[in-house]
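Here are my notes, set out as numbered points so that you can follow them with the model open. Please have the side chains switched on as you read.

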Amino acid sequence: MFNIWLLWLFIGQTSGIAYNLPKFCANATWNPTAITFANSTIISANPHGLFVDTNNTVYVADTANNRVLIWFNGSATPTSIISDGLYSPYGLFITDNRDIYVDNGNTSNRVDKWAFNANSSVPAMYNCGPCYSLFIDINNMLYCSMYYSNKVIAKSLNTHLNIWNTVAGTGTAAATPSTLYKPCGIFVDNNLNLYVADTLNNRIQKFASGQLNGTTVPTGTITLNSPTGINLDFDGYLFIVDQYNFRVIGSGPYGYRCIAACSGTYGSSSSQLYHPYSLSFDSYGNMFVSDILNNRIQKFFLVTNGCSGTTSMTTMSSVTSVNSTQSVPLSTSTYGTSSTTVSSSTSLSYNLPKFSAYATWSSNGVTLFNATTVGTSPYGLFVNTNNTLYVCEYSKNMIQVWLENSTIPIRNISGGLSSPYAMFVTVNGDVYVDNGNSNSQVDKWAVNTTTGVSVMIVKAACYGLFVDIYNNIYCSQYAYHQVVTKSLNSSSNMWIIAAGTDCQGSTSNTLYNPRGIFVDTNLNLYVADYNNNRIQLFLSNQLNAVTVAGSGASSTISLSGPSGVVLDADGYLFITDSSNNRIIGSGPNGFRCLVGCSQVAGSASNQLNNPLTLSFDSHGNIFITDGSNYRIQKFLKTSNIYSTNINQPSFCPSTTWYTDGITFANSSTVGTNVYGVFVSINNTVYVANLQTNKVILWFEGSTNPDKILSGSLSIPFDLFVTPLGDIYVDNGYSYGRVDKFPFNSNISTSVMSVPNVCAGIFVDISNTLYCAASNSHQVVKKWLNDTVLTSTIVAGNGTPGSTATTLYYPYGIFVDAKLNLYVADTVNERIQMFPLGQLTGITLAGAGASGTVTLNNPNGIALDGNGYLFIADTNNNRIIGQGPYGFRCLFGCTTISGSTSNQLYYPTTLRFDSYGNLYVADKGNSRVQKFILASNSCSLSYNQPTFCYNALWSSSAVTFASSSTIGTLPYGIFIDGINTVYVPNRVSNTILSWPQWSNISTSNSYSNLNNPYSLFMSMTGDIYTDNGYLYGRVDKYVFNTSNRVTVMNVNGSCYGLFIDINNNLYCSLKNLHQVVTLLLNNSTTIPTIAAGNGSAGSLSNMLNSPQGIYVDSNLNLYIADCANNRIQFVQTGQLNGVTLVGNGSSANITLNYPTGIVLDANGYLFIVDSYNHRIVASSSTGFRCIVGCSGGGSSASQLSFPQSMAFDSYGNIYVTDRNNSRVQQFALQTNNCSKLFLYNGTLRSCVVDN
């Protein structure tokens, strides 16, 4: 008989599950005296979860010690422990592949999965609070009984989505068929029926598969008292831990009976239990019980299981079959694109306007409807693509509908609604309405119908509704801190969670009173997380969000109670920032305020009071439910196509200007002590005349004023002109205001009250006017779209100081496209930058910004298109410019005041025209100077001027550097695009450099540099230096550092170095009679041959002592082939050269040991003809001598064995005069091109000034 019932036990175990389902006879009994399997020395206190798998491995949730203990079959002590990251685990479950699922909800709000033999866990499900019991059914659904939430939830483990459903209970503690009260143990049978130990209702509830109404399992004469654990046997009979009766009861064909600890009293003897919690069977039918208050695990042995009568064996197929009518688990309902039966819709019912980065809206809203029409509780608002407006009014329990521009509703949706908060309208005109407040549902009002139909059951009001392109509807459950969703293609009213965990929180997977929602066409969900003051983005099918605005998203914007969120066509966010009483928008330049920007609650047309929701019409106008003002406001979009309000040319690192300024206007026109100058985007020049109190205008190309504006000005300092042509002029000296001359108007009006003189005026791209109120030591602003004259402080606190929050006589100001404010803080001798919305400045240049530049009372400031600073360094009488290589002087670089064309005297304001020419108010000289852009090449690190065929240089040179500085026998020279001169000193093994206009050099020492012949600078400012003499290499020194990297290995000195536009480095090896090359950053330092076969010779594939080299933009190589007395041209990809000039050519000049070569912008050659002691050049008329044409010597007009040459950006020539041990500078004197040509038979003359 024993063999028979043991066989039944094994037959009774279903394959594919990890727990035991013994088959018990009606008279099965257990030894009333248990053995203690584990006591408090092992499990400490209060063990809860207990599981015995089919291998008879025992698992215990050691709640007090934050771990799970594991005993392999037959072991008396734990053989394994898992604990990492657990806190007070309650429930646990083991799968047939021995993965362990453990409750970790007490602090982490999740269930963790420990894969078999893994050393760490991964989250398996996020939930709100601990799971007092866990179960995984045969369809791989994970169930969690949420004791504190009075429900059971479930999710599929077949997907990585953390989407779970409520499968039992409503979240409210009650004793109805659909509710639970502190549920604990759960069990799911093979027919997917769910059994719940409904603890404080003192009952066991059975929920048939897919049903939310449970039935109470009758227990006959047995009365339960707080049941906590439940198991089934093979035949479906129940075994219950009856906690507060301190016993275990079981059922069978004859009903319920007590099977363990049946004395009716608690105790600690082997036959007693004290608040038992859970039970589990091993494969033999022995019963394990977690005995909480005795701090032990008890094992009751099965002693009798004999069945009388004939027993027919049941086959495995019959005992494991699943009810063919079972419901599909909820998590398989369509969500997003997971459904194969749902197609997406490309049509949208809502508007997605496309805005420029600088779009603006009227600051004064139009009231469409007030409380008379929409009542005192308007909330939800929707505008469809036909511009039909829908408004929810929850105190009236209705939806009102208006056609575009109509004031009479065409439809009222009411009847059966209870305080509707939100609605959504689909493409076909169906209206989905929140009806969750009292009726716990979302209703659908089909187009042209008069009644609604429930389409979704919810737990509370939906503060936001949305229908995505796959016909999934979303509801934000404010009261339950989650967003739920369901497919409208399913007839089921059930939903799944799309965001949040049913409990408030601020982590990435939780929400706190969510309101507005938006789902883009990629099914990404945006949530206005109201009480977390943030906008959360849940990527499609993800339950961990990214904060995209507000708290936790640095460098965005501060939010307070955001209620609504929508997107535009480019995916930029627009937010109702409710508690800040404003509307926020984002764009490529970040976030900015659009409407209600004072943040003061009010009922004026430019104010909001608790705005709730927003929607766009097809024109881009904004509609807002202004909650506490009981009205619907419409803010019209105003046109603003400009990306900037001022000329901001983009300059290259090597950009230069001619240093001799042209006097654009003198004192006879602009008066004395001229201060304010402005150049509009159409290159009209405006000057404020302090003497005559007028504004003078010159249209582009004019040399005399075209217009003069008077108005009621008094000592106007500065002015600003918008792209629309409106002129804003300082009028603060006598009148304390800024005046506006509208485009083409001679009449000015006041637009802003200011404390005193505005030494700087600026209008940003959001149409905000700024004034540098210098005497008040602050910068103030106001938005020009409203009618208020008062201003607000944006920088400085009104007290002079040098802290980050104070200013001391601020003058020039500039606001970039991201609305950051730049201030010339004059007496503090610094440039301050105030990020948008910040009152604490950052020092960018001058005092307090080490490594920048020393300033002396800077007055003016401008930014170029790359965000680099240009500063009028007033008391240093110069203009400073910035670029990737740092700061440099552009004009007036002697710092000595003067009135010549290359001098300035207290320059104040500076402005660019659209071509990059610079206009400067030269205050001390009472004139406006114009500095012409000379070069702006971004592809070359060196200078390549354009010369006329008859260009002339001074015959007498200036000695730029002598032997005392550069040592003896100088070879290489390089001049970068900003006219910094570099010369290697072969005696001291240093690199010398001179900034533009400076005659004082800086000596740069580098370790292990020996006898450098040549050097070259890249576009990024890195210096490449010959170091082949002793070390056989070319070294790179990273910009502004002494960090050395060997980039090429060579066999000897490089007498010439060059880097082409494709980043190939060339080296001329004089002693090896060849030129070698390699591609930089190509993981090798071994070059290949570019020219010469390594043997001295004069054949086309040979060289003899090559030195100077040059590579043009077509990658053709030019070589000064010294000992062959020729210039060789090697076409890209070829090894055979062509002689351009010298021996073997037909050129009209003879060379004698040429050592250097450069090209101008037209491709004409300039050659250092060393042994002829001269520089020769080619042009359209052939070759000619241009420098050193009287023979060798040491006079100012002579050279002695010159070695190399370079141009600065102005066309001046610098020559290393080797045997005179000096660097000579030959100034460009004439570069006027006069050409005669025939046009239609007429002889004409064309003069080109360069």
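1. A nonpolar patch on the surface is made up of Tyr808, Tyr809 and Val827, which together have about 220 Å² of accessible area. Keep in mind that this is a predicted model. Val827 sits in the loop between β68 (821–825) and β69 (830–834). Its relative accessible area is 35%, and because the buried class ends under 20% and the exposed class starts over 50%, Val827 counts as partly exposed.

2. Next, have a look at strand β30 (residues 389–393). Is this strand enclosed or open to the outside? Five of its five residues are buried, so β30 is largely enclosed by the rest of the structure. In a regular strand, side chains alternate between the two faces of the sheet. Here Leu389, Val391 and Glu393 point one way, Tyr390 and Cys392 point the other way, and all are buried. Do note that Glu393 is in that buried set.

3. What pairs with β30 on the N-terminal side of the hairpin in residues 378–383? That is strand β29, which runs antiparallel to β30 and is joined to it by four bridges. Within this pairing, Phe382 has Tyr390 of β30 as its bridge partner. The two strands form a hairpin with five residues between them, and in the turn Asn387 has a positive phi of about 65 degrees.

4. Strand β31 (residues 398–402) also pairs with β30 in the antiparallel sense, over five bridges. Val391, for example, has Gln400 of β31 as its bridge partner. Again there is a hairpin, with four residues between β30 and β31. An asparagine has a positive phi in this turn too: Asn397, at about 55 degrees. If you check backbone torsions, Asn387 and Asn397 are the two residues I would point you to.

5. Further along the chain there is an open sheet of four strands, in the order β37-β38-β39-β40, with antiparallel pairing. At its edges stand β37 (462–467) and β40 (496–500), each with a single partner strand, so one side of each is left without a neighbour in the sheet. On average, neighbouring strands of this sheet are turned by 20 degrees against each other, direction ignored. Inside the order, six bridges join the antiparallel strands β38 (residues 472–477) and β39 (residues 482–487). One of the contacts to look up is Ile473, whose bridge partner in β39 is Lys486.

6. Now to charges. How many salt bridges does the structure hold? The count is 24. One of them links Lys23 and Asp235, with the closest N and O atoms 2.9 Å apart. Lys23 is in the loop between α1 (2–11) and β1 (29–30), while Asp235 is in the loop between β19 (227–232) and β20 (238–242), so the pair ties together parts that are 212 residues apart in sequence. Asp235 is partly exposed, at 35% relative accessibility.

7. Two further salt bridges have buried partners. Arg534 and Asp529 meet at 2.7 Å, N to O; Arg534 is buried at 5% relative accessibility, and Asp529 is buried at 0%. Arg1126 and Asp1121 also form a salt bridge, their closest N and O atoms being 2.7 Å apart. In this pair Arg1126 is buried at 5% and Asp1121 is buried at 0%. Elsewhere, Arg1033, Asp1035 and Arg1044 are joined into one network by salt bridges that share partners.

8. On annotation, an unreviewed UniProt entry lists "repeat: NHL" for residues 505–541, 595–638, 1094–1133 and 1193–1229. Residues 505–541 are 0% helix and 43% strand, with end C-alpha atoms 20 Å apart. Residues 595–638 are likewise 0% helix and 43% strand, and here the end C-alpha atoms are 12 Å apart.

9. A last stop is Gln996, in the loop between β83 (990–994) and β84 (1002–1005). Is this loop residue buried or exposed? Gln996 is buried, with a relative accessible area of 10%. From Gln996 to Lys818 the separation is 178 residues in sequence and 33 Å in space, C-alpha to C-alpha.

Note on methods. Residues numbered from 1 in each chain as written. Predicted model: local features only at pLDDT ≥ 70, side-chain atom pairs only at ≥ 80, totals over all residues. Heavy atoms only, no water. Buried < 20%, exposed > 50% of the residue type's maximum accessible area, 1.4 Å probe, protein only. Pairing = 2+ DSSP bridges. UniProt positions renumbered as here; feature names shortened; annotations may be inferred. Patch = residues over 30% accessible without salt bridge, like charges linked within 9 Å, V, L, I, M, F, W, Y side chains within 5 Å. Areas by Shrake-Rupley, 256 points an atom, 1.4 Å probe, with all protein chains shown as cover. Salt bridge = Lys/Arg side-chain N within 4 Å of Asp/Glu carboxyl O. Axes fitted to C-alpha atoms, helices over the stretch in contact; angles between N-to-C directions.
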